[in-house]
Amino acid sequence: MKIAVTGGTGYIGSHTVVELQSAGFEPVIVDNLYNSNQEVLQGLYNITGRDIPFYNIDCTQEQAVRELFEKEKFDGVIHFAAYKAVGESVAEPLKYYENNLGSLIVLLKVMQEFGVSNFVFSSSCTVYGQPDTLPVTEDTPRLPATSPYGNTKAISEDIIRDFVFSKPAIKAISLRYFNPVGAHPSAEIGELPLGVPNNLVPYLTQAAAGLRDTLVVFGDDYDTADGTCVRDFIHVVDLAKAHVKALELLNGQSEPNYYDVFNVGTGQGNTVLELIKTFEEANNLKLNYHIGPRRPGDVEKIWAQSDKANTVLKWKTEKTLADSLRDAWRWQQKITKK
Ligand code: UFG
C-alpha cells in the first residue's frame, strides 16, 4: 500500500518512513525541506536499502498536491508537515495558521477528490494544556491552547473530525504525541534542529558535545518530586511504530465515518533532572548544567495514560528512557563529527 508521508524528511516523519517500509508499506515522502535536509534520504537508504521516492512539494499548494495524487495512486496519507516552534508561533501566528491549517485542508480536499480514504494526523499532548488530573486519557478535556502552534493542533483535530463525519469515504486517526526523543539505533537518522534547539534533548546532547556551554534547566520550583517539570519522553522509534498500527487499524476499519484519537506516550512521567541523570548514567559522562528561571508558558507536568493505544491500536512501547538517551547521544556524536 502506497502511503504519502508529508514531512517525511523531518524527525518523526523519517523514523516513520523506516517503520512503514519494514512493515511492507510503500512510503512516498512529500516535503518542502523547510525545516529538514535532503541528506536524510541517504540515511533512509542506508537503513532500508531502498531509494524512498521523494517529492519537493509544499502541501499548501493545492495544484501541486493534486498533480502528485494524479501521478501516484496513494492508499493513505500520514500528515506530519507543519511548523512546530511554539515561541515563533506566538510571534507569527498567521504564519502558523496559514501553513498548518492550509496544508491540512488541501490534503483533505485532494484525498476526497481522489478517493484516498485513510488519514493519520500528527497531533500533540499540547491540546491538554495543564490538565487537572494525571495521567491524561483521551477523554481528558482539551483546554484552550497556550500558543498558536498548539491551537493549530486542536483546530486541526476538529477540522478532521468534522470532515470525517461529513464525508463517509474518509477515515482518520489523530495521534497525540507526548515528548519524542532519541534517534534510530543505527544513527543513520535523528533530530536535526536548525539553529539553537528549543527542545530539551537536542540542547542537552549539543551541550554534551561541547557545542553549547551549558544546559539551563528551566526552573526547579515546580510542584514535582525534584521541582523540575515532568514530561512523558517516548523513543521516536516507538512513536513511529504507532503510525503503522494506526494505518493498519484504518485499513481494517469497515465502519464509515471512523475517527478516533490516541495518546502516544509511555505512560510514565520523568522530571527534567531525572532525564539528565539517566543521560549521564546511560552514556557514562558528566553533563554541564545549571538551574535557571522558568520558561514562560511551560506546562508543569504531563504524562499519558496509553491504555487505549495499547488495547485498540495494539501498540506498546518497547524502549526505555536510557535506550532513547543512548541513541540520542550516538546520533549527536555522529553529526558532530561531520
Ligand atoms: N527544558 C529545559 N532546558 C532546555 C529545554 C527544555 O529545562 O534547554 C525543559 C522545559 O522547560 C520542559 C522540558 O525540558 O520542562 C521539555 O521541554 P521541551 O521544549 O523539550 O518540550 P515541551 O514539553 O516544552 O514541548 C513539547 C513539544 C511541543 C509541544 C509540547 C506540548 O516540543 O511541540 O511538548 O506540551 F507543543
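Reader: Where is P135 found in this structure?

Author: In this predicted model, P135 is found in the loop that runs between β5 (118-124) and α6 (148-166).

Reader: What makes the peptide bond that joins L134 and P135 a cis or a trans one?

Author: The value to consult is omega, which is about -5° for the bond between L134 and P135; the bond is a cis peptide bond.

Reader: Which residue in the loop between β2 (26-31) and α2 (40-48) deserves a remark on its backbone?

Author: L33 has its place in that loop. Its phi is near 60°, a positive value in a residue other than glycine.

Reader: What is the sign of phi at N257, and where does N257 lie?

Author: The phi of N257 is positive, about 55°, although N257 is not a glycine. N257 belongs to the loop between α8 (236-251) and β11 (259-264).

Reader: Why is α9 called roughly perpendicular to α11?

Author: The axes of α9 (residues 272-283) and α11 (residues 321-337) cross at roughly 65° and come within 9 Å. Angles of 65 to 115 degrees count as roughly perpendicular, and therefore α9 is described as roughly perpendicular to α11. The crossing in which α9 passes α11 is right-handed.

Reader: Why is α7 called oblique to α11?

Author: α7 and α11 pack at an angle of about 55°, and their axes are 10 Å apart. Roughly parallel requires an angle under 35 degrees, and roughly perpendicular begins at 65; α7 is therefore oblique to α11. The crossing of α7 and α11 is right-handed.

Reader: Which residues are closest to the ligand, and how many surround it?

Author: The ligand is surrounded by 18 residues, of which L200, V216, R231, R295 and D298 are the closest. A residue is counted here if one of its heavy atoms lies within 4 Å of the ligand.

Reader: What makes the pairs formed by D298, R295 and N198 with the ligand polar contacts?

Author: The cut-off for a pair of N or O atoms is 3.5 Å. A polar side-chain atom of D298 lies 2.5 Å from an oxygen atom of the ligand, and one of R295 lies 2.8 Å from a ligand oxygen. For N198, a backbone N or O atom lies 3.5 Å from an oxygen atom of the ligand. Each pair thus meets the cut-off. The ligand taken alone exposes 680 Å², and the protein buries 88% of that.

Reader: Which elements each supply at least two residues of the shell around the ligand, and which gives the most?

Author: α7 (200-208) and β8 (215-218) each supply at least two residues. β8 gives the most, with 4 residues.

Reader: How do the residues of the shell around the ligand divide by class?

Author: The shell holds 10 nonpolar, 5 polar and 3 charged residues.

Methods
Residues numbered from 1 in each chain as written. Predicted model: local features only at pLDDT ≥ 70, side-chain atom pairs only at ≥ 80, totals over all residues. Heavy atoms only, no water. Polar contact = N/O pair within 3.5 Å; in protein donor to acceptor, adjacent residues only side chain to side chain. Areas by Shrake-Rupley, 256 points an atom, 1.4 Å probe, with all protein chains shown as cover. Nonpolar A, V, L, I, M, F, W, Y, C, P; charged D, E, K, R; others polar. Axes fitted to C-alpha atoms, helices over the stretch in contact; angles between N-to-C directions. Parallel < 35°, antiparallel > 145°, perpendicular 65-115°, else oblique. Left-handed = near helix turned anticlockwise from the far one by under 90°.
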